[in-house]
Amino acid sequence: MTFGSPRRIDRSVLTQWWSDVTFLHWRVSPAAVEHLLPAGTRPDVVGGDTFVGLVAFRLCPLGWPALAGRWSFPETNVRLYTVDRRGRRGVVFLSMDASNLPFVLGARALAGLPYMLSDMVVRRDGDEVTYTCRRRWPHRPDATSTFTVRAGERIVRPSPLEEFLTGRWGLHTSLLGRTTYLPSHHAPWELSRATIVCCDDDLVASAKIPVFGEPTSVLYSPGVQARFGMPSCAA
């Protein structure tokens with residue numbers, strides 16, 4: 001089973017560095033989330049199901065790991081998986097919590113992305129990483145998330161599901177009333193399967209997606225550099 005490969009990007013409009021990335025995923029019915037997607041897209045499925053992801057990491061908007069210590073900040077996303085009428089697979093963000101006010105305001109104004117200002121911390125203790133988030137503005141200021149994962153052995157060959165969940169080469173979003181596709185490119189993820197030490201999250205529930213029990217998949221990556229290309233219409 002193949003879910004596509006990175007699209008060539010001849011001209012980058014944005015480069016970022018993502019580090020200490022953890023992916024938590026739950027199975028959901030496509031019918032339960034299709035109303036949350038922009039026009040011209042539908043849920044992307046594997047085995048008849050789609051997924052909701054809670055993805056936490058540190059973001060360096062300048063794109064270089066050497067700058068991450070001074071210029072990075074935490075971010076946590078709730079995202080769904082999509083495919084458009086042209087067959088391009090991507091993600092749709094339902095919420096994007098970050099702790100940097102200028103970045104949040106700029107991304108909301110320029111790209112129409114659902115960024116929220118939150119108090120956030122990413123803390124590492126040996127092979128365990130803890131992510132905390134308390135939303136401040138503009139929606140659900142009481143929404144919180146705290147979870148800790150322990151990274152295990154590195155994955156040599158990702159499973160088809162792991163490729164589906166992490167090999168997404170663009171995002172779909174509504175911008176100025178039109179559904180837009182923003183392509184992305186990065187090196188293959190260095191992934192490890194991980195275990196949850198503790199998890200107390202209501203960011204997913206705040207996005208109006210009910211999930212129950214433990215996540216289907218828990219993955220960790222030390223990080224990757226990502227490049228974004230020019231946006232285009234998703235129709």
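Strands β1 and β3 run antiparallel and are joined by 10 bridges; strands are DSSP runs of E of at least two residues and helices are runs of H or I of at least four, numbered from the N terminus, and two strands pair if DSSP finds at least two bridges between them. The structure is a predicted model, in which local features need pLDDT of at least 70 and side-chain atom pairs count only at pLDDT 80 or more, whereas totals for chains, interfaces and linings use all residues. Residues are numbered from 1 along each chain as its sequence is written, and side-chain values use heavy atoms, with hydrogens and water left out.

Within the pairing of β1 with β3, Trp17 has Cys60 of β3 as its bridge partner. β1 also runs antiparallel to β12, to which 11 bridges join it; here Leu14 stands opposite Phe228 of β12. Of the 15 residues of β1, 12 are buried, and the strand is thus mostly covered; buried denotes a relative accessible area under 20%, exposed one over 50%, and partly exposed the range in between, with a 1.4 Å probe and protein chains only. Asp20 is located in β1 and has a positive phi of about 50° although it is not a glycine. Asp20 counts as buried because its relative accessibility is 15%.

A second residue with an unusual backbone angle is Leu176, a residue other than glycine whose phi is positive, near 55°. Leu176 is placed in the loop between β9 and β10 and counts as exposed, because its relative accessibility is 83%. Most residues other than glycine have a negative phi, and most peptide bonds are trans. A cis peptide bond, with omega of about 0°, joins Trp137 and Pro138. Pro138 belongs to the loop between β7 and β8.

The two strands flanking that loop pair in the antiparallel sense over 7 bridges, β8 comprising residues 144-154. In this pairing Phe147 of β8 is the bridge partner of Tyr131. On its other pairing, β7 (residues 128-137) is antiparallel to β6 (residues 115-125) over 9 bridges. β6 and β7 form a hairpin with 2 residues between them, and Gly126 in the turn has a positive phi of about 65°. Asp125 stands opposite Glu128 of β7.

At the level of the whole chain, 5 helices and 13 strands are present. The radius of gyration, taken over C-alpha atoms, is 16 Å, close to the 18 Å that the globule rule gives for 235 residues, so the chain is as compact as a globular protein of that length; the rule is 2.2 Å times the number of residues to the power 0.38. The C-alpha trace spans about 45 × 40 × 35 Å along its principal axes. Of the 235 residues, 51% count as buried. Among contacts between residues at least 6 apart in sequence, 69% join residues at least 24 apart, a contact being heavy atoms within 4.5 Å.

The largest pocket holds about 780 Å³ of space. Of the 36 residues that line this pocket, Gln16, Leu113, Leu171, Leu182 and Phe228 are the closest to its centre. Two or more lining residues are given by each of β1 (14-28), β3 (50-60), β4, β5 (89-98), α3 (101-111), β9 (170-175) and β10 (178-186). A pocket is an open set of points on a 1 Å grid over the protein atoms alone, where a 1.4 Å probe fits and protein lies on both sides within 12 Å along at least five of seven lines; lining residues have an atom within 4 Å of a point. Grid points are joined across faces, edges and corners, and the volume is the space filled by probe spheres set on the points. By class, the lining has 24 nonpolar, 9 polar and 3 charged residues, with Ala, Val, Leu, Ile, Met, Phe, Trp, Tyr, Cys and Pro counted as nonpolar, Asp, Glu, Lys and Arg as charged, and the others, Gly among them, as polar.

Thr76 lies in β4 (residues 73-84) and is buried, with a relative accessible area of 4%. Beyond its neighbours within four places in sequence, Thr76 is in contact with residues including Leu54, Ser95, Met120 and Leu203. Pro231, by contrast, is partly exposed at 46% relative accessible area and is placed in the loop between β12 (217-228) and β13 (232-233). Outside its neighbours within four places in sequence, Pro231 is in contact with Thr180, Tyr181, Leu182 and Pro183. Pro231 and Leu171 are 60 residues apart in sequence and 9.4 Å apart in space, C-alpha to C-alpha.
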